[in-house]
Amino acid sequence: QVQLVESGGGSVQAGGSLKLACAASGYMYHCMGWFRQAPGKEREGVAAIYAVGGRRYYSDNVRGRFTISQDNANNAKNTLFLQMNSLKPEDTAMYYCAAALPSFCTPRFSHNDFTSWGQGTQVTVSS
């Protein structure tokens, strides 16, 4: 059974940085991603990474500020990271890590295609 456990959320002022981590175990998925959901809004993709080759995909509103990475990508136990810099109040949301089959790791990665999810970690950015 896949387990995804996020950590690293918190409160920060605008312009600050946070690094999220997601400990994954139980199955080796080749596509891992970060998503977020703010109150009253739909869940949106933030970044995704394809373990084979390390291709990375970002949403337009975080590209250049966020970096997704992965340790031990080809291992059933691995850790997914999201380094978030130059944070803005609009980045405030619950952040989730998720896993999907390789075919869903594309520039248009969608939460609808990710089948395993963590519980989420809250990120709050104050102005």
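**Strands, a pocket and two buried residues**

Let me begin with a single residue: S59 sits in the loop that links strand 6 (56-58) to strand 7. Please keep in mind that the structure before us is a predicted model. Is S59 buried or exposed? Its relative accessibility is 15%, and buried means under 20%, so S59 counts as buried. The side chain of S59 also has a partner, for it makes a polar contact of 2.6 Å with the side chain of N61.

N61 brings us to the largest pocket. Together with R36, K41, E44 and E90, N61 is among the lining residues that lie nearest the centre of this pocket. In total, 14 residues line the pocket, and the space inside amounts to about 200 Å³. Which classes of residue form the lining of the largest pocket? Eight are charged, three are polar and three are nonpolar.

I turn next to the strand that follows the loop of S59. Strand 7 belongs to an open sheet of four strands, whose order is 1-3-8-7 and whose pairing is antiparallel. Strand 1 (3-7) and strand 7 (66-71) are the edge strands, each pairing on one side only. From one strand to the next, the twist averages 15 degrees. Strand 7 and strand 8 (residues 78-84) run antiparallel and are joined by six bridges. As one position to find on the screen, Q70 stands opposite L80 of strand 8.

Now to strand 4, which covers residues 31-37. Of its seven residues, six are buried, and the strand is therefore described as mostly covered. With which strands does strand 4 form antiparallel bridges? Six bridges join strand 4 to strand 5 (residues 44-50), and seven join strand 4 to strand 9. On the strand 5 side, F35 has G45 as its bridge partner. On the strand 9 side, R36 is partnered by Y95. Recall that R36 was also named among the residues nearest the centre of the largest pocket.

Between strand 4 and strand 5, the hairpin has six residues, and G40 adopts a positive phi near 80 degrees there.

Finally, let us follow strand 9 (residues 93-100), where A98 is found. Is A98 buried or exposed? A98 is buried, because its relative accessible area is 0%. In sequence, A98 and G120 are 22 residues apart, while their C-alpha atoms are 9.7 Å apart in space.

Notes
Residues numbered from 1 in each chain as written. Predicted model: local features only at pLDDT ≥ 70, side-chain atom pairs only at ≥ 80, totals over all residues. Heavy atoms only, no water. Pairing = 2+ DSSP bridges. Axes fitted to C-alpha atoms, helices over the stretch in contact; angles between N-to-C directions. 1 Å grid on protein atoms, 1.4 Å probe; cavity = no way out; pocket = protein on both sides within 12 Å on 5 of 7 lines; lining within 4 Å. Points joined across faces, edges and corners; volume = space filled by probe spheres on them. Nonpolar A, V, L, I, M, F, W, Y, C, P; charged D, E, K, R; others polar. Buried < 20%, exposed > 50% of the residue type's maximum accessible area, 1.4 Å probe, protein only. Polar contact = N/O pair within 3.5 Å; in protein donor to acceptor, adjacent residues only side chain to side chain.
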